[in-house]
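Visitor: I am new to this structure. Please take me in for a close look at a single part, and show me how it sits in the rest.

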Amino acid sequence: ARKKLSKLKKTPAVTKDGTAITLLANIELPDDCGPALEAGANGVGLFRSEFLFMGRAANMPSEDEQFEQYRRAVVAMKGRPVTIRTLDIGADKPLDPTEHTALNPALGLRAIRYCLSEPQLFLTQLRAILRASAFGKVRILIPMLAHAFEIDQSLAMIEQAKAQLREANVKYDASVEVGAMIEIPAAALALPMFVRKMNFLSIGTNDLIQYTLAIDRVDYEVAHLYNPLHPAILQLISMTIAAGQKAGIDVAVCGEMAGDTKLTRLLLGMGLREFSMHPAQLLAVKQEILNSDLGAIAPLTRKILRSTDPDGIADAVLALQTS
Ligand code: PEP
Ligand code: MG
């Protein structure tokens, strides 16, 4: 029976056959933790830290200001994990919207590429995040990784930030986990590089679709080509989940696909156990999980993953919803 969604707030997200699913919230600012808790989130799966920076090119948030914002979110979540993504600036998230950027900003100096080119800015953010880790469970998530040296440099910078804090006698959680966003096809095709060095993965389907299908995610003229069910996208997602499972590390989806109830069963069937989404979508996804039976989903999902026929895939995804 379908209950009123708000009644599901405290109900654990467990499939009919007893598999527990973690439901996390995507937030932009610490105040979003209220709605996240209200929706019964198990934690924050994506804190888009760039929202503290956007429009502030001339007045960047200091380490203390950032620390205070991260700490607020961590305290608000009362011991639940808070996954803070390091600055994902550039392209659709400009630091200075008036500034003319590159011809192809989505392929330009953005996210981790930008941070590695501005080491002082990156270290400042990392120290602020690490300081907040003394107040709860913090995880660090690095966006737009593609190259092995970017993984190594990011980890080295985190170690450097820790060393600076130790030197200054400032507390942080030494066991803070570090994860990679899988949102560039090259990353999904080179997973051994990531699972060896990272504690967890989070699939950014918004950018993964943009880069795999070569369509600008903010260009309405190609919006009709933005298809999460393209067989290439499904393969990349499924491969990433499988690689994480094999390596024994958590894999989440934090792109829009995670909050789309039409896709919940498909993602469950691929083995996804962690979904991160806008708080407003969380209870509807939970309801879908409560009504799902992994045993019934598995054969249909296998069929979908074997198919290269877009109409067949769309029909099968519909059939999954009533399975
Ligand atoms: C994504 O790319 O799917 C994602 C979650 O990050 P953003 O939408 O902030 O780029
Ligand atoms: Mg992204």
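Guide: What follows is a close look at helix H4 and its partners, with the wider chain around it.

A word of caution comes first. This is a predicted model.

Start with the whole chain. It holds 13 helices and eight strands. Its radius of gyration is 19 Å, close to the 20 Å that the globule rule gives for 323 residues, so the chain is as compact as a globular protein of that length. The C-alpha trace spans about 55 × 45 × 35 Å along its principal axes. Of the 323 residues, 43% are buried. Now take the contacts with a separation of 6 or more. Residues 24 or more positions apart account for 69% of them.

Now to the helix. H4 covers residues 119-132. Two partners deserve attention here, H2 and H5. Two packed helices are described by the angle between their axes and the distance between the axes.

Take H5 to begin with. This helix covers residues 148-167. The axes of H4 and H5 come within 9 Å. They cross at roughly 65°. The crossing is right-handed. Which residues make the contact? From H4 come Pro119, Phe122, Leu123, Leu126, Arg127, Leu130 and Arg131. From H5 come Met157, Ile158, Gln160, Ala161, Lys162, Gln164 and Leu165. By class, this contact has nine nonpolar, two polar and three charged residues.

Turn to H2, which covers residues 63-76. H2 and H4 pack at an angle of about 35°. Their axes are 8 Å apart. This crossing, too, is right-handed. On the H2 side stand Glu63, Gln66, Phe67, Tyr70, Arg71 and Val74. They meet Thr124, Gln125, Arg127, Ala128, Ile129, Arg131 and Ala132 of H4. The classes here are six nonpolar, three polar and four charged residues. Look back at the two lists for H4. Arg127 and Arg131 appear in both the contact with H5 and the contact with H2.

Pick one residue from H4 and zoom in. Alanine 128 sits in this helix. Is alanine 128 buried or exposed? The cut-off for buried is 20 or more other C-beta atoms within 10 Å. Alanine 128 has 24, so it is buried. Set aside its neighbours within four places in sequence. Alanine 128 is then in contact with Glu63, Gln66, Phe67 and Tyr70. Those four residues are also listed on the H2 side of the packing with H4. Another residue to find is serine 62. It lies 66 residues from alanine 128 along the chain. Yet their C-alpha atoms are separated by 8.8 Å.

Follow the chain out of H2. A loop joins this helix to strand S3 (82-85), and lysine 78 lies in that loop. Most residues other than glycine have a negative phi. Lysine 78 has a positive phi of about 50°, although it is not a glycine. It has 10 other C-beta atoms within 10 Å, so it counts as exposed.

The loop after H5 offers a similar stop. Asparagine 169 lies between H5 and strand S5 (177-182). Its phi is positive as well, at about 60°, and asparagine 169 is not a glycine either. Asparagine 169 has 6 C-beta neighbours inside 10 Å and counts as exposed.

A loop residue can also be buried, as isoleucine 89 shows. It lies in the loop between S3 and helix H3 (111-117). It has 23 other C-beta atoms within 10 Å, so it is buried. Apart from residues up to four places away in sequence, isoleucine 89 touches Glu50, Phe53, Leu95, Arg110, Ala111 and Tyr114. Proline 143 is 54 residues away along the chain, with 9.6 Å between the C-alpha atoms.

One last stop is ligand 1. Among the residues around it are Leu46, Arg48, Asp88, Glu183 and Cys254. Strand S2 (44-48) and helix H8 (205-213) each supply at least two residues of this shell. H8 gives the most, with three. By class, the shell has two nonpolar, four polar and four charged residues.

Key. Residues are numbered from 1 along each chain as its sequence is written. Chains are lettered from A and ligands numbered from 1 in the order in which they are written. This is a predicted model: local features need pLDDT of at least 70, side-chain atom pairs count only at pLDDT 80 or more; totals for chains, interfaces and linings use all residues. A residue is near a molecule or strand if its C-beta atom, placed from the backbone, lies within 6 Å of it. Ala, Val, Leu, Ile, Met, Phe, Trp, Tyr, Cys and Pro count as nonpolar, Asp, Glu, Lys and Arg as charged, and the others, Gly among them, as polar. The radius of gyration is taken over C-alpha atoms; the globule rule is 2.2 Å times the number of residues to the power 0.38. A residue is buried if 20 or more other C-beta atoms lie within 10 Å of its own, exposed if 12 or fewer, and partly exposed in between; C-beta atoms are placed from the backbone. Two residues are in contact if their C-beta atoms, placed from the backbone, lie within 7 Å. Axes are lines fitted to C-alpha atoms, for helices over the stretch in contact, and angles run from 0 to 180 degrees between N-to-C directions. A crossing is left-handed if the near helix is turned anticlockwise from the far one by less than a right angle, and right-handed if clockwise.
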